[in-house]
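Let's take a walk through one corner of this structure, step by step. Have the 3D view open and follow along.

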Amino acid sequence: MALTTFVASTGCIRTSRTRQYTHAVITDTQDGETRLVYAWSTSETNARKTATAAARAGWRYVTVEEVTVTGGRRTERDTAERAEHLTSQENRRRAEASLTGPQQRVYAVAKRDGAIRSGYGHNLTAVRSLHSAGLVRLTEYGPGSWTAAYVRPADGPAEDAPATGTGAAPGDAGHPVVAVALAALAGQPLADVTGPDDFGDVAGYWVCPNGNSGRLTVGWAASGKPTAGAAGRRPLAVAKELFERTEGWLVEPGRDDSALVVWHVPALKAAAAEHATADQDRGALTDTWTVTHSGLPEGRYFLRVEAPDHAAAIEAVRATRAGRLVQRAGHRLGARRLREADLRRTVGERVRHVSTGQTGTVEAVGVEKAGARSYRDGVTVTIDGRSRMTARAMDWEPLPAALDPEATR
């Protein structure tokens, strides 16, 4: 007798040598996704008797369904190809479900980018295990040199495609930064978000913008509510890996337990430039930058320069002898734009010279000296009663009372 295979409307494969089965006893697992055939029958009455026996034996979610063969009787070749495809899908699903944390992170990057290679800090042990599972194709050229290409699943019928959502609420779908964030999560399941508190029934990632400064919250939703993921699977760790390996994104540290907070650097810079321009138009900001380095205590500075932006300020510092000495010592430079209030000095105020550290009391404000050396917004400072110094206001900063030698006397 020739063995004939049928693809039934139940989504299960059944085989027969002579009989045309009309009913199947189906048992659904608790997650509602896996469907198992407990028995086939040519009679509805016999099928219901079998279902009753299965329920008494401890099987749960037992139902009797009428069977119709999809596409009618198939040739042995078509049937074998269909069975092989469904088996391949099931094996792949099981392989993906059994991945460890490091394997999940590597697999997510390979799935999104299509291929990964050495030199980018990927876990080679995880890559090799993915190759053994048939999820990537690894080619090793020598010690420390390899490439791994993502193995795409074989094309199947449209009904086999997994359900997916948009990953963002309808009101946020048009947000430009949300679209870029979803591109960073390409290849990953997205939740079917329909509102601020409605995450739908499809498990996946969701993205929510926080204002227009490029800050977003990224989370995982399952069963209609946000969650950190099931046991053994950490979807937020996978999302963190994807954003950290995507140019233009920063991940806020220490918040990967329930949701991630990520920053889109181009949007952040654009918002900062817009705010700086608005402040500049109002006269609140100046072109004076206070420069510090990683070897100084917090709040302490060693130089002030004038520059139109942060990059120009750092370049101006590097051109000075003090800046070169700081870099030779291995310290990292930093600069902050000053406001008008930071440069405003008053008579009698205790101040400190930024570069030399000398302390004194402001004696006169707005001093201008004629000749080769003239001081715009100059101040004259009495250096603790011993001498005087006239310099630009930008060379002086307020002296904290705790560091004032005069205050401790």
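**A small sheet and its helices**

Start with helix 3, residues 101-113, which lies across strand 6, strand 7 and strand 8 and runs at about 120° to strand 6. Keep in mind that you're looking at a predicted model. Helix 4, made of residues 124-132, also lies across strand 6, strand 7 and strand 8, and its direction is at about 130° to strand 7.

Now for the sheet itself. It's an open one with 3 strands, in the order 6-8-7, and the pairing is antiparallel. Strand 6 (115-117) and strand 7 (136-142) each have a single partner strand, so they stand at the edges, with one side of each left without a neighbour in the sheet. On average, neighbouring strands here are turned by 15° against each other, if you ignore direction.

Zoom in on strand 7 and strand 8 (residues 145-150): these two pair in the antiparallel sense over 6 bridges. One pairing to look up is glycine 142, whose bridge partner in strand 8 is serine 145.

Back to helix 3, because there's a residue in it worth clicking on: arginine 112. Is arginine 112 buried or exposed? Its relative accessibility is 17%, and the cut-off for buried is under 20%, so arginine 112 counts as buried.

What does the side chain of arginine 112 reach? One target is the backbone oxygen of alanine 184, at 3.0 Å. Another is the backbone oxygen of leucine 242, at 3.2 Å. Leaving aside residues up to four places away in sequence, arginine 112 touches Ala183, Ala184, Ala186, Leu242, Arg245 and Thr246.

Notes:
Residues numbered from 1 in each chain as written. Predicted model: local features only at pLDDT ≥ 70, side-chain atom pairs only at ≥ 80, totals over all residues. Heavy atoms only, no water. Pairing = 2+ DSSP bridges. Helix = DSSP H or I, 4+ residues; strand = E, 2+ residues; numbered from the N terminus. Axes fitted to C-alpha atoms, helices over the stretch in contact; angles between N-to-C directions. Contact = heavy atoms within 4.5 Å. Buried < 20%, exposed > 50% of the residue type's maximum accessible area, 1.4 Å probe, protein only. Polar contact = N/O pair within 3.5 Å; in protein donor to acceptor, adjacent residues only side chain to side chain.
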